Amino acid sequence: MGDVAARFAEIVGDTNLLSGEAIPEDYAHDEALTTTAQRPAHLAKPGSAEEVAELLKAASEHGVPVTARGSGTGLSGGARPREDGLVISFERMNAVLEIDTENHVAVVQPGVTLSELDEKTTEAGLGYTVYPGELSASVGGNVGTNAGGMRAVKYGVTRHNVVGLQAVLPTGEIIRTGGKTSKVSTGYDLTQLIIGSEGTLALATEVIVKLYPRLPHGATVFAPFETFDEVMTVVPKIVASGLAPHILEYIDNLTLAAISYNEKLSLGVPDAIRDKAQAYLVVALENRDSDRLHADVEELGGLLGDVGAMDVYVLEGPSARKLIEAREKAFWTAKAAGADDVIDVVVPRSAMPEFLRKAREMALSRESGALGCGHAGDGNVHLAIFCKDAEKRKQLLTDIFALGMELGGAISGEHGLGRAKSGYFLELEDPAKIALMRRIKESFDPAGILNPGVLFAERA
């Protein structure tokens with residue numbers, strides 16, 4: 001390994017190559033709850049696409065497994081490296097290269113964080129709308145997992161907001177896919193193939209993202225319901241109303257109690273309502289005109305009341321921001337409460353009541369818990385799983401994932417499979433589709449160096 005380490009150092013410079021015990025522990029893991037940390041053999045911090053290309057070419061020649069790393073905020077173990085591997089960290093490639101106000105796009109390097117991009121786009125009166133709840137996440141990491149978040153109900157997920165890439169193949173070629181155009185019908189869509197591939201096909205070194213005008217007026221509506229079914233009944237009515245909410249979330253009563261306690265959140269809900277409410281709906285609206293916004297809020301309040309909301313609360317300014325911020329921290333609340341796993345099954349909106357009911361029944365039958373919140377507008381259910389016994393938990397998750405797929409959904413809506421969920425994917429997915437994906441992987445990565453153990457790993 002001495003020769004390959006010397007080659008890596010030659011490419012990025014001695015100060016940007018660390019090996020062995022010199023690598024900080026933080027590079028050994030992401031935020032997944034069920035994968036163990038693993039320090040890699042080498043850590044390289046390239047400063048250009050050309051350096052990334054040379055690193056990958058050298059890794060292919062020497063058979064060194066490579067894991068790309070952005071900010072390490074992933075929840076699936078996709079950024080956990082191999083013991084004999086190389087981590088390519090994009091922390092030095094963190095420039096916003098261009099804010100194009102005519103084409104409404106930004107060109108950024110993969111290490112740019114969402115908060116950095118937000119700061120730059122604000123100056124132009126524009127915004128990047130993918131909002132996975134962790135603003136320290138990197139754009140490159142979002143590309144890897146096809147991250148979504150609360151605003152997906154209106155603006156879509158990462159793949160709907162990335163129009164082009166510069167990417168490096170593991171053989172060392174640098175390619176460009178897509179561009180600043182809004183559509184293309186010329187050959188295979190390699191941009192979309194790379195997005196969500198979790199660093200197994202190519203490494204993005206430049207990303208072209210869509211930008212939208214920032215709307216100056218917003219309000220958040222908060223409504224308690226006595227049952228989950230009532231919450232889920234109103235969701236399609238809101239989507240069909242034309243009100244176009246940019247946030248449409250549900251939170252169960254226990255999760256709301258936990259995040260309210262942790263974040264010192266006071267929403268003014270009377271005890272009599274709080275004691276009966278089983279679930280809450282959070283709806284955020286925005287508009288360029290304040291009068292139109294108020295009219296939309298009034299219409300939404302009437303709609304919620306008609307379908308059984310126990311009350312309707314309109315939050316603006318700091319109160320609204322505090323509620324959304326608390327919802328964003330639901331993962332950390334679940335982690336602090338001792339959750340053994342956090343999953344993000346996605347099902348059709350209409351299937352959410354059945355999925356939630358049956359998933360809870362499955363957990364209770366095993367003396368376990370399945371609590372949480374989710375993106376009600378797009379069917380993405382986030383459940384904190386409380387089940388200490390590893391074998392019992394494995395079977396519970398297998399059953400929950402199978403249920404989601406039977407209802408027309410998928411194992412993960414936005415976190416990705418990584419190392420944590422790959423085994424379930426292999427067990428439950430159509431073998432013909434998996435075989436096709438393997439052939440795609442082999443065509444991109446003939447040496448098999450990019451993130452081995454992700455997507456196609458056997459369950460540990």
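**Exercise 1. Helices on the five-stranded sheet**

Task: State which strands H2 lies across, and at what angle it runs to S8.

Solution. H2 lies across S8, S9 and S10. Its direction makes about 50 degrees with S8. The model is predicted. Helix H3 (residues 114-122) packs on the sheet too, touching S5, strand S6 (105-108) and S10. H3 runs at about 40 degrees to S5.

Next, place these strands. The sheet is open, has five strands and follows the order S5-S6-S10-S8-S9. Its pairing is antiparallel. Strand S5 (96-100) and strand S9 (174-178) are the edges. Each has a single partner strand, so one side of each lacks a neighbour in the sheet. With direction ignored, neighbouring strands are turned by 15 degrees against each other on average.

Finally, look at one pair. Strand S8 (residues 162-168) and strand S10 (residues 203-210) are antiparallel and share six bridges. Val162 stands opposite Val209 of S10.

**Exercise 2. The H1–H2 contact**

Task: Work out how the directions of H1 and H2 relate, and which residues make the contact.

Solution. Start with the geometry. The axes of helix H1 (residues 2-12) and helix H2 (residues 49-62) come within 9 Å. They cross at roughly 170 degrees. Angles over 145 degrees count as roughly antiparallel. H1 and H2 are therefore roughly antiparallel to each other.

Now list the residues. H1 contributes Val4, Arg7, Phe8, Ile11 and Val12. H2 contributes Glu51, Glu54, Leu55, Ala58, Ala59 and His62. By class, the contact has seven nonpolar residues, one polar and three charged.

**Exercise 3. The four-stranded sheet**

Task: Give the strand order of the open four-stranded sheet, then find its edges.

Solution. The order is S1-S2-S4-S3, and the pairing is mixed. Strand S1 (17-19) and strand S3 (66-69) are the edge strands. Each pairs on one side only. From one strand to the next, the twist averages 20 degrees.

Take the S2–S4 pair as a parallel example. Strand S2 (residues 42-44) and strand S4 (residues 86-89) run parallel, joined by three bridges. Leu43 is opposite Val87 of S4.

Then add the helix. H1 lies across S1, S2 and S4. It runs at about 155 degrees to S1.

**Exercise 4. S13 and its partners**

Task: Determine how many residues of strand S13 (residues 247-252) are buried, and which residues lie on each side.

Solution. Six of the six residues are buried. In a regular strand, side chains alternate between the two faces of the sheet. Apply this to S13. One side carries Ile247, Glu249 and Ile251. The other carries Leu248, Tyr250 and Asp252. Both faces of S13 are covered.

Now trace the pairing. S13 and strand S14 (residues 279-287) are antiparallel over six bridges. S13 and strand S17 (residues 369-375) are antiparallel over two bridges. Tyr250 stands opposite Leu281 in S14 and opposite Gly374 in S17.

Leu281 leads to another strand. In the S12–S14 pair, Ala223 stands opposite Leu281. Nine bridges join S12 to S14, and the two run antiparallel. S12 is also antiparallel to strand S15 (residues 313-315), with three bridges. There, Phe222 has Tyr313 as its bridge partner. Seven of the nine residues of strand S12 (residues 217-225) are buried, so it is largely enclosed by the rest of the structure.

**Exercise 5. Two residues, two settings**

Task: Decide whether Val381 and Glu429 are buried or exposed, then describe their surroundings.

Solution. Take Val381. This residue lies in strand S18 (residues 380-386). The cut-off for buried is under 20% relative accessible area. At 1%, Val381 counts as buried. Leaving aside neighbours within four places in sequence, its contacts are Tyr250, Ile343, Asp344, Val345, Met352, Phe355, Leu356 and Cys373. Tyr250 is the S13 residue of Exercise 4. The C-alpha atoms of Val381 and Arg349 are separated by 9.9 Å, with their positions 32 residues apart along the chain.

Now Glu429. This residue sits in the loop between helix H16 (422-428) and helix H17 (431-444). At 18% relative accessibility, Glu429 counts as buried. Its side chain forms a polar contact of 3.3 Å with that of Lys433. Not counting residues up to four places away in sequence, Glu429 touches Met405 and Ile434.

Definitions and conventions. Residues numbered from 1 in each chain as written. Predicted model: local features only at pLDDT ≥ 70, side-chain atom pairs only at ≥ 80, totals over all residues. Heavy atoms only, no water. Axes fitted to C-alpha atoms, helices over the stretch in contact; angles between N-to-C directions. Parallel < 35°, antiparallel > 145°, perpendicular 65-115°, else oblique. Contact = heavy atoms within 4.5 Å. Nonpolar A, V, L, I, M, F, W, Y, C, P; charged D, E, K, R; others polar. Buried < 20%, exposed > 50% of the residue type's maximum accessible area, 1.4 Å probe, protein only. Polar contact = N/O pair within 3.5 Å; in protein donor to acceptor, adjacent residues only side chain to side chain. Pairing = 2+ DSSP bridges.
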